[in-house]
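Me: Hey, can you walk me through this one? I'd like to start with whatever surrounds the ligand.

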Amino acid sequence: MIIAIDGPAASGKGTLATRVAAHFGLHHLDTGLLYRAVARDVLRRGKSLEDAIAAADAARALDPATLADPALRGPGAGEAASIVAGIAQVRAALREFQRSFARQPPGAVLDGRDIGTVVCPEADIKIYVTATPQVRARRRYLEMEGRGEPATYEDVLADIRRRDERDAGRDASPMRPAADAFLLDTSNLDIEAAFDTAVGVILRKAGQRGPV
Ligand code: CDP
């Protein structure tokens with residue numbers, strides 16, 4: 001059982017993926033962390049984020065044990081991640097790790113931008129989570145405020161718009177819903193309602209192909 005959950009920044013896909021994985025007893029990989037960690041490692045090596053060779057080297061050398069680093073959660077890391085994420089060699093270097101993760105029994109939930117389209121086009125269930133940029137910015141702003149991180153709503157909105165544009169506009173695996181993805185617009189849904197909808201979609205699909 002492979003469940004692909006894609007969507008733009010702060011759409012709620014991470015929270016949804018964590019809850020869906022726990023509910024069905026599946027492994028979970030937040031693939032954004034891989035790109036965030038590659039950007040961190042490129043900068044640590046004193047290289048530029050646009051340096052394709054340095055970024056691909058960092059992606060090949062990435063140690064999954066370093067993904068728990070709390071520094072990866074910040075907005076600066078997200079912005080840096082979207083720069084290295086545009087480099088095709090970086091994406092290729094991370095692909096096999098993601099695919100092997102997805103194949104672990106009893107199954108896995110992967111969240112990102114290109115899971116349903118490129119990493120796991122064979123996924124049993126694909127959900128594309130969206131919300132308006134304003135709603136996403138508000139959520140991210142409140143999250144940051146809760147963690148005591150200084151931010152303004154306007155800056156968060158600008159960051160989200162910039163990343164949406166970069167992620168959807170790049171040549172290498174651009175962010176877009178797979179043709180067979182269920183579109184889940186959470187602009188007017190809280191996490192409980194989004195979770196209930198996702199579970200319903202999964203059970204319906206799983207019912208067509210056997211138990212989860
Ligand atoms: O949590 P948030 O949605 O803000 O970001 P994230 O999922 O951690 O992703 C950070 C950046 O990594 C994104 O803006 C993308 O550029 C990139 N990314 C990607 O290209 N492909 C993925 N499967 C996951 C993330």
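Me: Which helix gives the largest share of the shell around the ligand?

Reply: Helix 2 does, with three residues. Helices here are DSSP runs (H or I, at least four residues), strands are E runs of at least two, and both are numbered from the N terminus. Keep in mind that this is a predicted model: local features need pLDDT of at least 70, side-chain atom pairs count only at pLDDT 80 or more, and totals for chains, interfaces and linings use all residues. Residues are numbered from 1 along each chain as its sequence is written, and side-chain values use heavy atoms, leaving out hydrogens and water.

Me: OK, and which residues come nearest to the ligand?

Reply: Of the 18 around the ligand, K13, R36, R91, R140 and D167 do; "around" needs a heavy atom within 4 Å.

Me: How do those 18 divide by type?

Reply: The shell has nine charged residues, five nonpolar and four polar. Asp, Glu, Lys and Arg count as charged, Ala, Val, Leu, Ile, Met, Phe, Trp, Tyr, Cys and Pro as nonpolar, and the others, including Gly, as polar.

Me: How far is the side chain of D167 from the ligand?

Reply: An N or O atom in the D167 side chain is 2.6 Å from a ligand oxygen. For R140 that distance is 2.7 Å, and for a polar side-chain atom of R170 the value is 2.9 Å.

Me: New topic: how many helices and strands are there?

Reply: The protein has nine helices and five strands. Its C-alpha trace spans about 50 × 35 × 30 Å along the principal axes.

Key: Polar contact = N/O pair within 3.5 Å; in protein donor to acceptor, adjacent residues only side chain to side chain.
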